[in-house]
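Thanks for making the time this morning. I would like to walk through one structure with you, slowly, and you are welcome to stop me at any point.

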Amino acid sequence: MKLLRWKALLREDPMLCTQCGGLCCKSYPGMYLDPFQFVQAWELEGKDWRLGEVLENCYLSLKVCMGIPIPLPRFSAGGCIFLRKDGCTLPRHKRPLECLLMIPRVETLLGGEIRCGFPQGLDYLECFDRWREFYQERGIWKEALLIAKTWTSPKNPFLVKVWRSES
Ligand code: SF4
Ligand code: SF4
């Protein structure tokens with residue numbers, strides 16, 4: 001299973017993150033680092049989907065990293081649009097892999113600055129390459145680049161749906 005390798009790297013601490021209130025989410029949303037986790041999260045497997053429609057309907061955007069567009073939640077001045085007072089409104093299985101992989105540290109709470117980090121073994125370049133291959137294999141490389149370049153009118157983030165947590 002392609003996603004099993006990530007499970008070994010997870011070091012979540014929901015209690016600590018609840019106390020923190022999502023300092024990382026207020027700073028910048030995490031990215032869907034693995035295209036297969038993205039497909040699984042948004043239940044796209046076996047469906048005829050278009051990138052622009054998925055981004056629009058799921059309140060996502062694209063961040064260009066090393067020339068490669070990577071999906072992530074939209075954000076406003078307050079940070080990720082999925083963040084609410086009581087935490088992330090996305091069910092755990094829909095959250096970006098980068099969010100899930102962040103290792104909470106108590107020092108963040110103590111100092112008020114993000115001291116949380118990412119596990120050794122997380123190779124961003126490899127993740128970006130996977131996305132490039134994913135786009136190329138599906139023939140949507142140019143489409144992804146075009147969307148990333150021209151994305152201007154996301155839906156009003158304040159109308160964002162609230163997904164009930166199933167995790
Ligand atoms: S990962 Fe760190 S910064 Fe993010 S919510 Fe948890 S404790 Fe706060
Ligand atoms: S998706 Fe959830 S966990 Fe990730 S940045 Fe947004 S609010 Fe935080």
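Let me begin with Met66, which counts as exposed because it has 12 C-beta neighbours inside 10 Å, and 12 or fewer is the cut-off for that label. Please bear in mind throughout that this is a predicted model. Met66 sits in the loop between strand 1 and strand 2, and its phi is near 50 degrees, a positive value in a residue other than glycine.

Where else does a residue that is not a glycine have a positive phi of about 50 degrees? That is Glu43, whose place is in the loop between helix 4 and helix 5. Glu43 is exposed, with 11 other C-beta atoms within 10 Å. A positive phi also appears at a glycine, since Gly139, just after helix 8, takes a value of about 70 degrees.

Helix 8 itself runs over residues 124–138, and its 15 residues reach 21 Å from the first C-alpha to the last, which is close to the 21 Å expected at 1.5 Å a residue.

Turning from the loops to the interior, the largest nonpolar core holds 29 residues, and within it Tyr32, Ile70 and Phe82 touch the most other members. Which elements each supply at least two residues of this core? On the helical side they are helix 3 (23–27), helix 4 (35–41), helix 5 (51–57), helix 6 (97–101) and helix 8, and they are joined by strand 1 (60–65) and strand 2 (68–73).

Now to the ligands, starting with ligand 1. The residues around ligand 1 include Cys17, Cys20, Cys24 and Cys116, together with Leu16, Leu23, Met102 and Ile114, among others. Helix 2 (14–20) and helix 3 each supply at least two residues of that shell, and helix 2 gives the largest share, 3 residues. By class, the shell around ligand 1 has 9 nonpolar and 2 polar residues, with no charged residues.

And which residues come nearest to ligand 2? Of the 13 residues around ligand 2, those are Cys25, Cys80, Leu83, Cys88 and Cys99. By class, the shell around ligand 2 has 10 nonpolar, 2 polar and 1 charged residues, so when you look at the two shells side by side, please set that one charged residue around ligand 2 against the absence of any around ligand 1.

Notes. Residues are numbered from 1 along each chain as its sequence is written. Chains are lettered from A and ligands numbered from 1 in the order in which they are written. This is a predicted model: local features need pLDDT of at least 70, side-chain atom pairs count only at pLDDT 80 or more; totals for chains, interfaces and linings use all residues. Helices (H or I, at least four residues) and strands (E, at least two) are DSSP runs, numbered from the N terminus. The expected span of a helix is 1.5 Å times one less than its number of residues. A nonpolar core is a set of buried Ala, Val, Leu, Ile, Met, Phe, Trp, Tyr and Cys residues joined through C-beta atoms within 7 Å. A residue is buried if 20 or more other C-beta atoms lie within 10 Å of its own, exposed if 12 or fewer, and partly exposed in between; C-beta atoms are placed from the backbone. A residue is near a molecule or strand if its C-beta atom, placed from the backbone, lies within 6 Å of it. Ala, Val, Leu, Ile, Met, Phe, Trp, Tyr, Cys and Pro count as nonpolar, Asp, Glu, Lys and Arg as charged, and the others, Gly among them, as polar.
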